[in-house]
Amino acid sequence: MNTALDFSEINAGMLAEVGGKAANLGELTRGGLPVPPGWVLTTEAYRQVATGLETSGDGLAERARRHLLETPVPATVHEAIVKHYAALGPDVPVAVRSSATAEDLPFASFAGQQDTYLNVVGAEAVVDAVRRCWASLWTDRAVAYRESNGIDHAAVRLAVVVQVMVDSQVAGVMFTANPVTGRRRETVIDASPGLGEAVVSGAVNPDRFVVYGGAILERHAGDKKLAIRSLPGGGTERVETAHDGLCLTDAQVLALAQLGGRVEDHYGAPQDTEWAIDADGTLWLTQARPITTLYPLPETTRAGLRVYFSVNVAQGVMGPITPLGLSAFKLISGGAASLPGSGPADPLDGPPFVSVSGQRLWLDITTAVRSRPGRAILPRALTLGEARTAIVMERLVEDPRLSLVHTSRRPFLRALARFAHRVHAPSRVLMALTRPDRALAYAVRLGGELDKRLQVPDSATPAQRLDHAERMLAGTFPTIISIMPIVITGYGLFALASKLSGVPLAEMQDVLRSVPHNPTTEMDLELWDLATRIEPEPFKELPVAELVRRYQEGGLPPVAQREIAAFLDKYGHRGVAEIDLGVPRWSEQPAHILGVLANYLRMDGSAELAPAALFAKGAEQAQAAIAHVGRLAGRRARWRGAVARFGLRRTRKFAGLRELPKFYLVKTLAAVRHSLRAVGEHLVDLGVLHAAEDVFFLDFREVRAALGGGDLRELVAERRAAYVQEQRRRHVPRVLLSDGTEPEALATAAVDGALTGTAASAGTVTGVARVVLDPVGAHLEPGEILVCPSTDPGWTPLFLTAGGLVMEMGGAMSHGAVVAREYGIPAVVGVPDATHRISTGQEIEVNGAAGTVTLV
């Protein structure tokens, strides 16, 4: 048979998989909750479309559908369908439903991407519906969905389930965990008269019920103006209805919730199910699939409700962290925990308040939430760095399950005293107040000392490199955090000046423009300055990949080659997602930096808009702001004015140091990464790993054990695949409860059309939005408004050409807000779903003082 598609093979694996699903449902529904009898399972595995039919590109979906629909169903398959259908009885109505191998993935459900045909009657009609189900693998929406999720079209298989119809009086869907809030075991049921297709397709406003702990928490009646019903002889019709009240009784709701619990227990994960109740009142379970949008829960051995805060969100790193990166963070946090006297017995374990879930880092902050000192300090601290989280925290303290249990301040004060003593906080504060230049010199000197300690002799053995890496990771934080008392002194004086003058902190943000001694700002200005000194021709003409090749081979023009190398020698330890030890640095992959330089050199701009000029202008505005606040304070009392001016001058001197501890920490991570890559090369020689980079998919204990030999290549391959899969996760909560609830999802939605966030950098700008999800390779025209999920230093070169900034994450003291203020860019941060609600090319107005974004 000359066919456009290969129908020569029936995929036994798919048949077994779908057959197993039917058997499982049969087990679940014994005792009054039967599965529809006579499930007929057919499957057709075709590897790819025929020769000449591309597997991607325009027209793919339409051409694939046409070939499938025009191709006769193979005789053996036709015979099997007719035979099994006849065994059900004469002209039994059935549902013909699709089940593709790309469905129900951890990162994408594919729900509704392929077609379902209801109330199909007659053998030939069933065969035709099966063929159309196969063809629906190539609907435009299914093809687009696969492409957006990076799934190979040619690798997808599709089975068809033929299921006896339930002539339902009421039907709908049921989630065994709340899909909006994430709360586990909180069952959410949508129900409407007629077939469940009305609910699934969104054609009706259904009744909604919420059940938890055997009690119905919510009942909400929908208008239910439409019902889909079966027609005699096959097919369905849509009819208008006028159903008043609720379509389920309380007993039916509770029975559904019990069934949902059994389904979840059977599959071991929360489920998205479809169900139906027939005219006899029998409850049928017609489908179960995992809920793919729930964030996995951190593992905990502690009793009671726990509160977790996302380190990734706070750091602007939304993707997963490599296993060695997670292991490194445990060492770092263990060193941090040792300062107040609560370090772990084994540094490799990390402190008990550090958890991992979804290959991301979480801090258990339950103790702080349930203590008086924590409730006083945590919201204030978060307001500076993660304002949206601060709002969530204020709401959490109202939850009776998180009532105060730690009422004494003594343990907190003792820990604080130990911390202050070990970082020499009193002497650092005194030095910042009385000898500011010496305080600055101390901060710089720490960097020089760190550079010396990070050096590893070339002759070091792999075991010695591991020893050095663990020692540096555990010991660096206690050293570099000693800078923070100096920084806190500056911000404390900032708050004091506000009180003395009566000027709110939000109106004093100009004081923080263009602050000196910020290593990230200095890096960005140096990069711009570099663009003014190098030869422009190759950067204006060549693609980035070619620029990278020439740079790595020493083939750029002399000045560019020398100056870029010098820049990367100083800042090459930085990169996007730089808190992850396993992520390459700019020195390893300079494409981002070379791309930024190319963008700078292709721009046409006046000298007065150059970053250095804008930075100088910002410094002038800051001095004017200091004078203004001083005058207002002086009107109250002369001494107030003098103290306010003194305090704000100190604020400007020390505020930029806020970025320095992280700068030093990232330098440590880069040096350790370089050393451990040498360990990876040794493991490749031993035959333990395929490539040196594979070492970052092990933890420190595994790396040390691997020095004795073995084969970890399969383990690394599994972890790489899981890492790539996690990179596709589209949502990471900023706060998560141990019952799965995302507290932010409980917040009241904003008024339609209103985008509000946290005021981060004063000023108002109207311009064209540019939504950027990844800074690598991104291009921003001068004056465009950058709209992004969050930022870390890898993003900041884009700020130099941005007219404004809108971020989904962060607070007034988050990284993006600080840099935006220094560059004088109006900025609003903490805007929920900004990258979805704003489109590239859309004109928007950013009011950085009011914290609003208006769609023009």
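Good morning. I begin with a single residue: serine 355 has a relative accessibility of 9%, and it therefore counts as buried, given that the cut-off for burial is under 20%. Serine 355 belongs to strand β14, which covers residues 354-357. What does serine 355 touch, once its neighbours within four places in sequence are set aside? The contacts are with Pro298, Glu299, Tyr308, Arg360, Leu361 and Trp362.

I should state at this point that we are looking at a predicted model.

Let me now turn to the protein as a whole. It has 856 residues, and 52% of them are buried. The secondary structure consists of 29 helices and 24 strands. If we take the contacts between residues at least 6 apart in sequence, 69% of these join residues at least 24 apart. The protein exposes about 36800 Å² of surface, and 54% of that area is supplied by carbon and sulfur atoms.

I have chosen two helix pairs for discussion. The first is α2, residues 60-70, with α4, residues 123-135. Their axes are 9 Å apart and the packing angle is about 160°. Angles over 145 degrees count as roughly antiparallel, and α2 and α4 are therefore described as roughly antiparallel to each other. The crossing of α2 past α4 is right-handed. Which residues form this contact between α2 and α4? On the α2 side they are Arg65, Leu68 and Leu69, and on the α4 side Arg131, Arg132, Trp134 and Ala135. By class, the contact of α2 with α4 comprises 4 nonpolar residues, 3 charged and no polar ones.

The second pair is α14, residues 425-434, with α17, residues 484-501. Here the axes lie 8 Å apart, at an angle of about 55°. That angle makes α14 and α17 oblique to each other. In which sense does α14 pass α17, left-handed or right-handed? The crossing of α14 past α17 is right-handed. From α14, the participants are Ala425, Arg428, Val429, Ala432 and Leu433; from α17, they are Pro485, Ile486, Thr489 and Leu493. The contact of α14 with α17 divides into 7 nonpolar residues, 1 polar and 1 charged.

Next, some backbone geometry. Most residues other than glycine have a negative phi. Against that background, I draw your attention to two residues. Histidine 424 is not a glycine, yet its phi is positive, at about 55°. Histidine 424 sits in the loop between α13, residues 410-422, and α14. With 43% relative accessibility, histidine 424 counts as partly exposed. The other residue is arginine 185, whose phi is near 65°, again a positive value in a residue other than glycine. Arginine 185 is found in strand β6, which spans residues 184-193. Its relative accessibility is 38%, so arginine 185 counts as partly exposed.

My final item concerns glutamine 464, in helix α16, residues 462-480. How far is glutamine 464 from valine 679, in sequence and in space? The two are 215 residues apart in sequence, while their C-alpha atoms are 9.8 Å apart. Glutamine 464 has 45% relative accessibility and therefore counts as partly exposed.

That concludes the presentation. Thank you for your attention.

Terms used
Residues are numbered from 1 along each chain as its sequence is written. This is a predicted model: local features need pLDDT of at least 70, side-chain atom pairs count only at pLDDT 80 or more; totals for chains, interfaces and linings use all residues. Side-chain values use heavy atoms; hydrogens and water are left out. Helices (H or I, at least four residues) and strands (E, at least two) are DSSP runs, numbered from the N terminus. Buried means under 20% relative accessible area, exposed over 50%, partly exposed in between (1.4 Å probe, protein chains only). Contact means heavy atoms within 4.5 Å. Axes are lines fitted to C-alpha atoms, for helices over the stretch in contact, and angles run from 0 to 180 degrees between N-to-C directions. Angles under 35 degrees count as roughly parallel, over 145 as roughly antiparallel, 65 to 115 as roughly perpendicular and the rest as oblique. A crossing is left-handed if the near helix is turned anticlockwise from the far one by less than a right angle, and right-handed if clockwise. Ala, Val, Leu, Ile, Met, Phe, Trp, Tyr, Cys and Pro count as nonpolar, Asp, Glu, Lys and Arg as charged, and the others, Gly among them, as polar. Accessible areas come from the Shrake-Rupley method with a 1.4 Å probe; for residues, only the protein chains shown count as cover.
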